[in-house]
Amino acid sequence: MKTHKIAPSILAADFGNLQRDVEMVNKSEADWFHIDIMDGVFVPNISFGMPVLKSISEHAKKFIDVHLMIVDPDRYIKTFADLGSNMLTVHYETCTHLHRTLQAIKANNMQAGVALNPHTPVHLLKDVIQDIDLVCVMSVNPGFGGQSFIENTYEKVSELEELIRSKNAKTLIEIDGGVTDKNAKQLVEIGADVLVAGSYVFKSKEPIKTIKGLKELSF
Ligand code: DX5
Ligand code: ZN
């Protein structure tokens, strides 16, 4: 089996002890930091913004994967590059000129990701898949941590894997929302490259061990 990456979602961290939680991820077998930015417009919740990401970046020793759940993300591409973002993922549903947005992200020296809401079909990415470094398949409706995994995700991942293969693209498949020991193994088996996990990691008694379990798929 190919190696997959684990990206703990900081949304589920303890913000009163943010540095401690960032150091925990540094020490663990996790590969990336997943950072959820929500604007209260595209999604019905506001998470945190630039000053918090700046503080995270100062302590994070791993790849920073920023998931923008905001309308008109083009306004902030340079800002997120300056804040240390390595991957910038925008929602398909927020981009009128997705191809242009992807080029702008790359021009700012970041990798470019596209997230799909649960109702957004994979085939809409057919003509841009070669320009996308990562597709984030939302396995919950974006906006909140701690929701349950939508089972239709398996079918979407298989379709996406087929699309990537047919176009000879190098795109990574990321799964975001409700990832636990109940679905991680199957997701990786059908093609997931990156597993985001928020509550499952941060609400567990031993987060370092939980991350190790997700990495080794041993539960
Ligand atoms: C949801 C966010 C997720 C969230 C995942 O809108 O994009 O990254 O933090 O949290 P869990 O793993 O708790 O579903
Ligand atoms: Zn996310």
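## A tour of charged side chains

Begin by selecting Glu58, which counts as exposed because its relative accessibility is 55%, above the 50% cut-off used for that class. Keep in mind throughout that this is a predicted model.

Next, add Lys54 to the selection: the side chains of Glu58 and Lys54 meet in a salt bridge, with an N to O distance of 3.3 Å. Both residues belong to helix H2, residues 50-59, and since they are four residues apart there, about one helical turn separates them. Lys54 has a relative accessibility of 46% and so counts as partly exposed, whereas Glu58, at 55%, counts as exposed.

Now move along the chain to helix H8, which spans residues 207-216, and select Lys212 and Glu216, which are four residues apart and therefore separated by about one helical turn. Their side chains meet in a salt bridge at 3.2 Å, N to O. Lys212 is partly exposed, with 37% relative accessibility, and Glu216 is partly exposed as well, with a relative accessible area of 42%. From here, turn to Asp14, Arg20 and Asp21, which are joined into one network by salt bridges that share partners.

The next stop is Asp127, which forms a salt bridge with Lys126, their closest N and O atoms lying 3.4 Å apart. When you colour this pair by accessibility, Asp127 should appear as exposed, at 65% relative accessible area, while Lys126, at 41%, counts as partly exposed. For the model as a whole, the count comes to 14 salt bridges.

Finally, select Glu174, which lies in strand S7, residues 172-176. Which side chain of opposite charge is nearest to Glu174, and how far away is it? The residue to display is Lys5, at 10 Å, and Glu174 has no salt bridge although it is buried; a salt bridge would require a side-chain nitrogen of Lys or Arg within 4 Å of a carboxyl oxygen, so a separation of 10 Å does not qualify.

To see what does surround this carboxylate-bearing residue, display the contacts of Glu174 while leaving out residues up to four places away in sequence: Glu174 then touches Trp32, His34, Asp65, Leu134, Val135, Cys136, Val137, Val194 and Val196. Among these contacts is Asp65, which, like Glu174, counts as negative, and the run from Leu134 through Val135 and Cys136 to Val137 is also included. The tour thus ends at a buried residue without a salt bridge, having started from the exposed Glu58, whose side chain meets that of Lys54 in one.

Technical notes
Residues numbered from 1 in each chain as written. Chains lettered and ligands numbered in written order. Predicted model: local features only at pLDDT ≥ 70, side-chain atom pairs only at ≥ 80, totals over all residues. Heavy atoms only, no water. Helix = DSSP H or I, 4+ residues; strand = E, 2+ residues; numbered from the N terminus. Buried < 20%, exposed > 50% of the residue type's maximum accessible area, 1.4 Å probe, protein only. Contact = heavy atoms within 4.5 Å.
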